[in-house]
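Q: I'm new to this one and would like a close look at a single part. Could you walk me through how the helices pack and what sits in the nonpolar cores?

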Amino acid sequence: MKRALPLLLLLLLPGAYAETRSMADDIRAGRAALEAGQPQQARALFGAALAHPDGSQDDTFAAAMGLGRASLWLGDQAQAARAFDIARANAADEAGRAAADSGTAAVLNAQDYPRKAFALLAPIARGQAGPTLQLLQAMQSLGWQDKSPPYLQAMDGLPAASSGARYRLLKDDMLYALAPRLEGGFGFTHDSEQLDTWRTDAAWRSAPVASGGHTLAWGVAADTVRVDDGQQRRRLDEAALLGQLRAGDDHYIDLRLGMGRSGGWHYLQGAAGWTLQASDSFSLSAAAERTPLLTDAAIGHRLLGDTYSVGVSLRPAAAWYVLPTYYRQTFSDGNQRDGGTLRLLLSPRDIPDTAAAIGAQLSARTYRSSRPSHGVYFNPARYRAVQAGVTGVYGISPGWKLRVAADAGRQAIDGMHAGVYSWNASLDGRLPHNGRVSFQLGRSSAASDSSGGAGYWNNSVSLSISYPL
């Protein structure tokens with residue numbers, strides 16, 4: 001009986017506690033918990049405030065807004081969305097409704113529904129810090145940075161404290177995307193066949209120009225590739241014109257067209273891609289690409305590969321993506337491949353009370369070659385591979401992000417099975433004067449288009465830097 005009494009008191013305590021505190025008390029305590037970085041406690045306090053049967057409209061609004069912010073902090077987007085709906089229904093004026101809509105847009109951005117977030121806030125965000133912040137986040141996800149200047153200009157007259165560090169980072173992202181810029185990069189690969197590939201590249205891109213519902217940017221690029229197998233070294237030099245066009249809000253076109261040269265061999269090279277992004281949950285894309293095969297023997301035989309692909313992005317649920325792609329490759333030696341890929345992605349979800357997120361992926365790839373051969377490039381009659389893995393993202397600071405992906409699976413080459421693995425780590429960050437830097441490091445044992453086989457592996461490292469002018 002002595003042990004049962006304390007348990008009974010604990011069961012009765014929450015009800016007794018609620019009766020001794022007012023709704024305003026819980027709201028004040030919830031706000032203090034948020035400011036102290038205790039979202040779990042804040043969520044409980046705001047939930048208790050909403051449970052009061054006799055709360056005023058203003059108190060209900062305040063409690064619902066607090067519950068939405070605490071739930072969003074904890075990664076519970078469903079509860080956050082319900083809370084912001086309650087807040088909007090109890091808002092006393094346009095400012096309150098805008099604050100609730102800003103919270104709902106934050107949920108939509110967190111769930112990767114930027115079009116819905118943009119449609120919700122575009123009519124009301126101008127001159128308001130919270131809605132503008134979420135609107136800029138949506139613009140960045142959609143590649144609609146050219147729509148940002150009116151909203152940035154409306155924020156110029158507000159006190160700096162009302163915008164915050166996150167707004168300033170997003171503003172820098174908008175200005176970066178709207179400016180002409182110089183880009184440079186370096187890459188190196190080394191594989192189990194003792195093939196070394198060195199690449200250096202540079203590009204200039206114009207500022208995007210918007211006119212009549214279309215946004216156009218163009219540029220020029222050049223790169224040099226050296227391929228060395230330890231016995232012979234070959235060099236390829238390429239130059240291309242670049243183009244990016246967005247027609248309306250749904251159609252995206254990317255072009256890279258130019259010439260390449262290796263000794264006395266001259267060839268056309270480049271890529272063209274089109275994407276129809278009809279909604280946050282569906283897109284259709286088509287692409288064509290021509291590249292030389294980067295093995296010493298393939299360059300000696302002047303082999304080019306043309307790849308044509310059609311892909312779809314489907315989103316059956318908020319966190320899940322299904323990405324099937326069909327492709328055909330035709331090679332200048334008469335070989336033809338028909339194949340496809342399938343990727344199932346669980347987008348990274350935030351880990352509460354951390355700067356980290358974790359996701360998962362499953363990928364499959366298969367093709368058949370019409371003219372299988374050996375020696376010049378990796379070209380089996382049949383190839384299949386399946387891999388599964390995880391992706392982790394960690395925000396080192398507001399301007400720096402680390403991303404790591406690791407996969408493992410099996411591949412079949414003409415019926416011969418073997419285990420495969422891959423991992424990749426990337427570090428992306430900001431440089432002084434609004435520059436950008438990206439560093440990548442990786443290793444894979446899965447076959448590429450031109451190299452592979454039993455015991456194959458490939459190590460890679462790359463660095464890219466860009467600055468707005």
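A: Here's a walk through one helix pair, and then the cores. Keep in mind that this is a predicted model.

Let's start with helix H4, residues 57–73, and helix H6, residues 94–110. Their axes come within 11 Å and cross at roughly 20°. An angle under 35 degrees counts as roughly parallel, so H4 is roughly parallel to H6. The crossing of H4 past H6 is left-handed. Who's touching whom? On the H4 side you'll find Phe61, Met65 and Leu72, while H6 brings Gly96, Ala99, Ala100, Ala106, Val107 and Ala110. Sorted by class, that contact holds eight nonpolar residues and one polar residue, with no charged ones.

H6 also turns up in the next stop, as one of the helices that each supply at least two residues to the largest nonpolar core. The others are H7 (114–121), H8 (129–142), H9 (149–155) and H10 (164–178). This core has 21 residues, and H8 gives the most, with six. If you want to find the residues with the most contacts inside the core, look for Phe118, Leu135, Leu136, Met139, Trp144 and Tyr167.

Let's zoom in on Leu135. Setting aside its neighbours within four places in sequence, Leu135 is in contact with Phe118, Leu121, Ala122, Ala125 and Tyr151. Phe118 is another name from that most-contacts list.

There's also a second, separate core, made of 13 residues. Among them are Ala33, Leu34, Ala63 and Ala83.

Conventions:
Residues numbered from 1 in each chain as written. Predicted model: local features only at pLDDT ≥ 70, side-chain atom pairs only at ≥ 80, totals over all residues. Heavy atoms only, no water. Axes fitted to C-alpha atoms, helices over the stretch in contact; angles between N-to-C directions. Helix = DSSP H or I, 4+ residues; strand = E, 2+ residues; numbered from the N terminus. Parallel < 35°, antiparallel > 145°, perpendicular 65-115°, else oblique. Left-handed = near helix turned anticlockwise from the far one by under 90°. Contact = heavy atoms within 4.5 Å. Nonpolar A, V, L, I, M, F, W, Y, C, P; charged D, E, K, R; others polar. Core = buried A, V, L, I, M, F, W, Y, C linked by side-chain atoms within 4.5 Å. Buried < 20%, exposed > 50% of the residue type's maximum accessible area, 1.4 Å probe, protein only.
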